[in-house]
Amino acid sequence: MIGVLGGIFDPIHFGHIKPAITLKKKLGLKEVRLIPCSVPPHRLMPEAESLHRWNMVSIISGQNGIVADSRELEREGVSYSYDTIFSLHQEIEDNICYILGADALQTFESWYKYEDILTLCNLIVTSRPGSHPDLIKSLSPTMQSRVTSNPKDLQASQHGKILLYDADYLDISSSAIRAAIKRGEHPRYVLPGAVWKYIKTNHLYEA
Ligand code: ATP
Ligand code: MG
């Protein structure tokens, strides 16, 4: 099994990295691919340019089985997760587990071709501060029938399962980091030191 974590990574922080490492260890994933998006489908454009976001993700790539993957940045147009998972599926025979935070699961049923996504991979949902406590009840019955809390169900099925996994509960978000930097604060302990150094050197997110 391989894990795939898509995101804006504007910037990457420990709330992305820690759950990725935990899932890799606990579920025995071969690797976790971090895939920064180019044009997000559901929100404003990222604040930092693609190249900066890619460079920050690359800083931590190659350690602890985490690997940066640039396919969304190389693709024209809106970065649909379906297209990304489809291209991974063409390349990799292994079981693909798409990782998302609970906040992202809340909107999953509005994603482009979300039902087709579930024919190509499994989902792993990590808990996230601020997400709805009745998250599961807010899903459609079909989605609910896919939910499991048993990691073995992922090994048994190449696609269509949604594993809820309480990996790590870190109250960290890129938006809070960007806001802190704008206020002139130094959010050092929520992201890797080398990423913080990169942000300072390149004057990212400053007011
Ligand atoms: P922003 O605040 O700009 O939305 P973010 O911190 O949510 O940024 P994203 O790049 O939007 O980061 O998130 C990418 C993926 O990582 C999403 O699936 C999101 O749910 C997940 N994620 C981000 N932060 C955490 C966290 N602290 N704990 C668990 N999952 C997280
Ligand atoms: Mg987000």
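# Reading the labels on this predicted model

Q: Why is Arg128 called partly exposed?
A: In this predicted model, Arg128 has a relative accessible area of 26%. Buried needs a value under 20% and exposed one over 50%. A value of 26% lies in between, so Arg128 is partly exposed.

Q: What makes Arg128 and Asp103 a salt bridge?
A: Their side chains meet at 3.0 Å, N to O. The limit is 4 Å, so the pair qualifies. This pair links distant parts of the chain, 25 residues apart. Arg128 is in the loop between strand S5 (122-126) and helix H7 (141-146), and Asp103 is in helix H5 (residues 102-107).

Q: How do you know whether Asp103 is buried, exposed or partly exposed?
A: Its relative accessible area is 35%. That is neither under 20% nor over 50%, so Asp103 is partly exposed.

Q: Why do Arg183 and Glu185 count as a salt bridge?
A: The N to O distance between their side chains is 2.9 Å. That is within 4 Å, so the term applies. Arg183 is at 56% relative accessibility, which is over 50%, so Arg183 counts as exposed. Glu185 is at 39%, in between the two cut-offs, so Glu185 counts as partly exposed. Elsewhere, salt bridges with shared partners join Glu31, Arg33, Asp69, Arg71 and Glu91 into one network.

Q: What makes Asp69 and Arg71 a salt bridge, and are they buried or exposed?
A: Their closest N and O atoms are 3.0 Å apart. The rule asks for 4 Å or less, so this is a salt bridge. Both Asp69 and Arg71 are buried. The count of salt bridges by this rule comes to 11.

Q: Why is there no disulfide between Cys97 and Cys121?
A: The closest cysteine sulfur to that of Cys97 is in Cys121, 7.9 Å away. A disulfide needs sulfur atoms within 2.5 Å, so the two are too far apart for a bond. Cys121 is in no disulfide either, since the nearest cysteine sulfur, that of Cys97, is at 7.9 Å. The disulfide count comes to 0. Each cysteine is at 0% relative accessibility, under the 20% cut-off, so Cys97 and Cys121 count as buried.

Q: What makes Tyr82 and Tyr112 an edge-to-face pair?
A: A search of the whole structure finds 6 aromatic pairs. Tyr82 and Tyr112 form one of them, with 6.2 Å centre to centre and 85 degrees between the planes. The centres are within 6.5 Å and the angle is over 60 degrees, so the pair is edge-to-face. This pair links distant parts of the chain, with Tyr82 in helix H4 and Tyr112 in the loop between H5 and helix H6 (114-117). Ring pairs link Tyr80, Tyr82, Phe86 and Tyr112 into a cluster.

Q: Why do Tyr82 and Tyr112 get their accessibility labels?
A: Tyr82 has a relative accessible area of 13%, under 20%, so Tyr82 is buried. Tyr112 is at 36%, in between 20% and 50%, so Tyr112 counts as partly exposed.

Q: How do you know that Asp94 makes a polar contact with Lys30?
A: The side chains of Asp94 and Lys30 come to 2.7 Å in that contact. The limit is 3.5 Å, so the distance fits. Asp94 is found in the loop between helix H4 (81-91) and strand S4 (96-101).

Q: Which residues come nearest to ligand 1?
A: Of the 22 residues around ligand 1, these are His13, Arg43, Asp103, Ser174 and Ser175. An N or O atom in the Arg43 side chain is 2.8 Å from an oxygen atom of ligand 1. That is within 3.5 Å, so it counts as a polar contact. A backbone N or O atom of Leu170 is 2.9 Å from a nitrogen atom of the ligand.

Q: What makes the bond between Asp10 and Pro11 notable?
A: It is a cis peptide bond, with omega about 5 degrees. Most peptide bonds are trans. Pro11 is in the loop between strand S1 (2-7) and helix H1 (14-27).

Q: What is the phi of His203, and why is His203 called exposed?
A: His203 has a positive phi of about 55 degrees, although it is not a glycine. His203 is in the segment after helix H10 (193-201). Its relative accessibility is 54%, over 50%, so His203 counts as exposed.

Methods
Residues numbered from 1 in each chain as written. Chains lettered and ligands numbered in written order. Predicted model: local features only at pLDDT ≥ 70, side-chain atom pairs only at ≥ 80, totals over all residues. Heavy atoms only, no water. Helix = DSSP H or I, 4+ residues; strand = E, 2+ residues; numbered from the N terminus. Polar contact = N/O pair within 3.5 Å; in protein donor to acceptor, adjacent residues only side chain to side chain. Buried < 20%, exposed > 50% of the residue type's maximum accessible area, 1.4 Å probe, protein only. Phe/Tyr/Trp six-rings, centres within 6.5 Å; stacked < 30°, edge-to-face > 60°. Near = heavy atom within 4 Å.
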